[in-house]
Amino acid sequence: MLSVLDIFRIGIGPSSSHTVGPMRISRRFVQALEKAGGFAKVSRVAVELQGSLALTGVGHGTVDASILGLAGFQADRTDPDKAADALASIRETHRLMLGGKREIAFDPHTDIDLAGHIIPDLHPNGMVLRAYDTSGATLLERTYFSTGGGFVASEAQLRRPPKNDRVKAGTDVPHPFGSARELLALCAEHDLSVADLILANEDAMRPREETIAGLDRIAAAMDQCIDRGLTQRGILPGGLKVQRRAPDLWDKLSGNPMSNEREQLFDWLNCYAMAVNEENAAGGRVVTAPTNGAAGIIPSVIRFYCKTAEDEDCIEKRRLFLLTAGAVGLLYKQRASISGAEMGCQGEVGVACSMAAGGLAALWGGSPVQVASAAEIGMEHNLGLTCDPVGGLVQVPCIERNAIGAVKAVNAARLALHRTGAESLVSLDQVIETMRQTGLDMSNKYKETSQGGLAVNVVEC
C-alpha cells in the first residue's frame, strides 16, 4: 500500500511528471553514481529526455528540473528564487556542482538531448542518464521513468512482474485494499469511515503524530500557494503572454463578500483554483494533488469549505478531507495512472475532481458508499479529457480547467449525497477501469505531447 503522503507531495511547478519527477530522477542518478564508486571520476554527465518529457520538456520545465536535480536540489525543499539563480550561473559558466559536491563541465545545449522521437514502451516519460570519465568511458548508465504525480521508477522496477497475491503484498497495513469494492467492504466490516481506515493504515507506516504533521504541512502548503497566487500580478512566463487573473477576481470578491448572487460560489472556487495554477505555471511551490497540472482543484474546495481559521474544528476538517481524497487517489494510482502522458488530462484533472468530490462528500457527513459515489461521478464526467497544452506550457487550457474541475467536484458531491435508494449503476472501480482503457485507446497526440487539439489549432489560428 502506498501512503496518502505519497499522493500529496510538496514541490515546484509547472509539472509533477515533467518537473518534480525529472528533478528526483537526476538526483537519484547522482546518488547511484556515488554508491557505485564512480562519483570522483566523473568528467561529464549527459541526459536524454524521451517521449513526452522531450516533446513538452521546455514548456514544462523538464530541462531546468533535470539540471537542478544533478546539482543536488530537492523538489520538496527547493526555493524557486535560489533555483533560478543556480540555473543562470550554470548557463553562464557552463559549470555544474554535481550533487552540490563536485564541479564538472556542463552545457545544457549539448549535455541534454530532447529525444522526442523516442517513445519508450514502458512509459512515455523516459529519461536516460549517463556519466563519463575523462577518457569518455561510461561510468554509469541508468534508465528511469517519471510515472506521474512526482512518482519515479527505474527500468528494472517497471519490468519487474507485479505481485499477484494482493493480500500478501498488503500485509504491512491492517486494512489492505486494491479496489474500491474492497475498501468499502473493509469500512463496513470494521464500522470505519474511509478517513479512519486510511489513518489506521498510515499508523503502520509511521507514528500517528508524524502522519498528522504531514497532513497539516500539506494543508499549509496549499494555503500558502493560494495566498501567494492571490497577490501576484503580471504575465506568466513562457511566451503565450497569459495574464494572471486570480488577483483581480479576488479583489472583486473581497469587495463584495456578502453578495446574494448564487453563482458567486463559482467565482470563489474559480479564484482559488486559478491562484494555485497560476503559481504553478510560474514555477512556484505547489502540492501535487495528485499532480501539478491539477494542483488547484483540491486546495480550492478545501479553502472554500474549510476556510482558513486556525480553530481545531477547521484543522480536523482538513485532515478528514485529505485522508478521504487521498484514499481515492490511491485507487487511481494503483489501478490505473495519474500521468497525463499515459491517460491524458482525465488522469490529472479528472482524478483531482474525483478526489475532491470524495473528500467533500465525507466532509458533509457522507457514508463511505456516498464518498465512492461522489468520486465516481467526479470522474465519469471527465472521461476522455485530453491533455493538449498550448505551447507545451501548463497554462492553456490547464489553469481554467482546474477552475472548472473544482466546480464539478462540488456538484458531484452534492449529487452523491442526494442519491437515495440503490447504489449507483456505475461503480468507482468500473469508472477507474474505464478511464484506464480510454487512456490506452487515446491517441498520443492528446497525451501531453502538444501534437494535437488546442495545442495545434490555437497556434494555427
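Colleague: Before we look at helix α4, what counts as buried here?
Modeller: This is a predicted model, so let's fix the term before using it. Residues over 50% relative accessible area are exposed, and there is a partly exposed class in between. Buried means under 20% relative accessible area.

Colleague: Then which residues of α4 are buried?
Modeller: Helix α4 covers residues 62-70, and 8 of its 9 residues are buried, so the rest of the structure largely encloses it. By name, the buried ones are Thr62, Val63, Ala65, Ser66, Ile67, Leu68, Gly69 and Leu70.

Colleague: Which residue with a positive phi follows α4?
Modeller: Look just past the end of the helix, which spans residues 62-70. The phi there is near 95°, and the residue is Gly72.

Colleague: On to Gly21: is it buried or exposed?
Modeller: Gly21 sits in helix α2, residues 16-35. It touches Ser16, Ser146, Gly150 and Val152, leaving aside residues up to four places away in sequence. Its relative accessibility is 0%, and the cut-off is under 20%, so Gly21 counts as buried.

Colleague: And how far apart in space are Gly21 and Phe151?
Modeller: In sequence, 130 residues separate Gly21 and Phe151. C-alpha to C-alpha, though, the distance is 6.2 Å.

Colleague: Which helix gives the largest share of the largest nonpolar core?
Modeller: That core has 96 residues, and Phe8, Ile298 and Tyr332 have the most contacts inside it. The largest share is 11 residues, and it comes from helix α17, residues 349-363.

Colleague: What does Tyr332 touch, and how many residues are in the other core?
Modeller: Skipping residues up to four places away in sequence, Tyr332 touches Ser337, Ile338, Val351, Ser354, Ala375, Met379, Leu428, Val431, Ile432 and Met435. Apart from the largest core lies another one, with Val30, Ala32, Ile90 and Ile112 among its members. The size of that other core is 37 residues.

Colleague: Last one: how are α18 and α19 oriented to each other?
Modeller: The axes of α18 (residues 368-380) and α19 (residues 398-418) come within 8 Å and cross at roughly 135°. The crossing is right-handed. Angles over 145 degrees would count as roughly antiparallel and 65 to 115 as roughly perpendicular. The angle here falls in neither range, so α18 and α19 are oblique.

Colleague: And how many residues of that contact are nonpolar?
Modeller: From α18 come Gln370, Ser373, Ala374, Ile377 and Gly378, meeting Ala412, Ala413, Leu415, Ala416 and Leu417 in α19. There are no charged residues in the contact and 3 polar ones, while the nonpolar count is 7.

Conventions
Residues numbered from 1 in each chain as written. Predicted model: local features only at pLDDT ≥ 70, side-chain atom pairs only at ≥ 80, totals over all residues. Heavy atoms only, no water. Axes fitted to C-alpha atoms, helices over the stretch in contact; angles between N-to-C directions. Helix = DSSP H or I, 4+ residues; strand = E, 2+ residues; numbered from the N terminus. Parallel < 35°, antiparallel > 145°, perpendicular 65-115°, else oblique. Left-handed = near helix turned anticlockwise from the far one by under 90°. Contact = heavy atoms within 4.5 Å. Nonpolar A, V, L, I, M, F, W, Y, C, P; charged D, E, K, R; others polar. Buried < 20%, exposed > 50% of the residue type's maximum accessible area, 1.4 Å probe, protein only. Core = buried A, V, L, I, M, F, W, Y, C linked by side-chain atoms within 4.5 Å.
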